Amino acid sequence: MNVLIWFRNDLRVADHPALARAADDRVLPLAIVDPAEWADPARSGRQWAFRAECLADLRADLAALGAPLAVRVGDPQAVLSKLCRLHRIGRILCLEDPAFAELDLALQAWAGGTGLDFIRLKPGAGAPAALTPLPAVEPGPIPPARALRLAEDRCPHRQPGGRPQGQLLLQSFLERRGALYRDGRNRLLQAERASSRLSPHLAAGTLSREEVLAAVAARLAERPDADWVRSLGAFRAALASGAPGARGAVCPPAAPEGAAPPEDIWTRLKGKPDALRLRLAALHAGETGLPFVDAALRAMAASGWLPARLRGMLASVALHHLGLSEQAAGAALAAGLTDHSPPIHWAQMRRVALGRPVDPERLAGVLDPDGAFTRRWLPELAEVPDRVLQAPWRWEGARGLLGRRYPEPLVDPSAARAAGRTLARRPTARVEVIEGAAPRRPASDPTQQLCLDL
């Protein structure tokens, strides 16, 4: 049989049951680049650069098995329809993926009407030793960012894509860096090294969640010391709850029945588009006038990554302090992250929207008590004393700084805390989960909820 294997967020040849299932068939490995997906404001050039590198690596690995990857640009159903007709495809295989759930329903109906088998497999082990390719299939180029109309996106410390890069990160984490994970992930100047940094590879599927969990289990079986055991246990728990497609991934909750939403900043500002545009631009530029927030925004712009608590803080500030809608705030933050995974990101934006506002000044006292992280990313605050670093408007020299070298705060931080008292009285929302996991209520600390940081 002629079989088309559709690669989506599973850009690897290891641990790929679709490849194993098609080992005795003639195969057409395919990746589809949907321009509509990449036109989403939540998508960015840094995300495409990472994915393009992953596609190039996957193409090389598949070529070594005998069947190079074909890449096509266009609407998925139109692309599949054309290729199935041209190459007499009888079966389409792909892996289950929550990000494609709605599309898969439509494709299932389309395939049924054309006599095709459209089969989604659960992620798991399996890979063939060799593949038999369909003849006369043009591989097609991997499009550059400009072909997808993605703006130039300078990210000097972006992680490179491709499975070998993910394997190196996993190896270094389990051999050296992982001992620091449990405590170091919340020490901002250590977090970049102490965290595994595997999240973009898990989001793109160059590494499978199962193989990472197996590697962690093998490391624990070596009976490492207590620091390793605690750290790898914390990492395993984070991976189980936050990885793309993991059982129990949270869906956006429905509004509580009978609950009238309280008036909030968004309600008051939604008729003032100029004010909202100004705040959105400040979020993109890292110029909100709130030092710890701006430091986190600039770190994300430079690296495409942040630890979980800073992600949650930015979401909370964007929603509750700046009054941006979930769509606008969520897109702005997602575009800065190389590891953007829509099912996780949008569900967590909803959870943060239903939670209490974060006090960034207070959180800075916990996560950046000596101000080293803030000063690293905001050199214009070098003259500000430590005691007022997170609130430079209280400094006697603020007149020569604010509005000149550093912006005045866009909002009064105390206003969001007052709004938090109203939100705290809001009835608890129902939260739905994927694949029958036990329901979970929104956590009380929204800074820990955007957890695809690993």
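Is Ser-199 buried or exposed? At 0% relative accessibility, Ser-199 is buried, because buried means under 20% relative accessible area. Keep in mind, as you look through these views, that the model is predicted.

**View 1. Ser-199 and Phe-235, two buried residues in two helices.** Start with Ser-199, which sits in helix α9, a stretch covering residues 199–204. Now find Phe-235, which belongs to helix α11, made of residues 226–242. Phe-235 also has 0% relative accessibility, so this residue counts as buried too.

**View 2. The positions that UniProt lists under "binding site".** The UniProt record, an unreviewed entry, gives Tyr-181, Ser-195, Ser-196, Arg-197, Leu-198, Ser-199 and Phe-235 for this feature. Along the sequence these residues are spread over 55 residues, yet they cluster in space, with a largest C-alpha distance of 14.2 Å. You have already met two of them: Ser-199 in α9 and Phe-235 in α11.

**View 3. Helix α16 meets helix α17.** Two packed helices are described by the angle between their axes and the distance between the axes. Here, α16 (residues 326–335) and α17 (residues 342–354) have axes that come within 10 Å and cross at roughly 130°. The two helices are therefore oblique to each other, and their crossing is right-handed. On the α16 side, look for Glu-326, Gln-327, Ala-329, Gly-330, Ala-331, Leu-333 and Ala-334. Their partners in α17 are His-345, Trp-346, Met-349, Arg-350 and Ala-353. Sorted by class, the residues of this contact are seven nonpolar, three polar and two charged.

**View 4. Helix α15 meets helix α17.** The axes of α15 (residues 308–321) and α17 come within 9 Å and cross at roughly 60°. That angle makes α15 and α17 oblique to each other as well, and this crossing is right-handed. From α15, the contact uses Gly-312, Ala-315, Ser-316, Leu-319 and His-320. From α17, Met-349, Val-352 and Ala-353 take part. Five residues of this contact are nonpolar and three are polar, with no charged residues.

**View 5. Met-349 and Ala-353 of α17, seen in both contacts.** Which residues of α17 should you look for again after the last two views? Met-349 and Ala-353 are among the α17 residues that meet α16, and they also belong to the contact with α15. Try finding these two residues in the structure, then trace outward to Ala-315 and Leu-319, which are among the α15 residues of that contact.

Key. Residues are numbered from 1 along each chain as its sequence is written. This is a predicted model: local features need pLDDT of at least 70, side-chain atom pairs count only at pLDDT 80 or more; totals for chains, interfaces and linings use all residues. Side-chain values use heavy atoms; hydrogens and water are left out. Axes are lines fitted to C-alpha atoms, for helices over the stretch in contact, and angles run from 0 to 180 degrees between N-to-C directions. Helices (H or I, at least four residues) and strands (E, at least two) are DSSP runs, numbered from the N terminus. Angles under 35 degrees count as roughly parallel, over 145 as roughly antiparallel, 65 to 115 as roughly perpendicular and the rest as oblique. A crossing is left-handed if the near helix is turned anticlockwise from the far one by less than a right angle, and right-handed if clockwise. Contact means heavy atoms within 4.5 Å. Ala, Val, Leu, Ile, Met, Phe, Trp, Tyr, Cys and Pro count as nonpolar, Asp, Glu, Lys and Arg as charged, and the others, Gly among them, as polar. UniProt positions are given in the numbering used here, feature names are shortened, and annotations may be inferred rather than shown by experiment. Buried means under 20% relative accessible area, exposed over 50%, partly exposed in between (1.4 Å probe, protein chains only).
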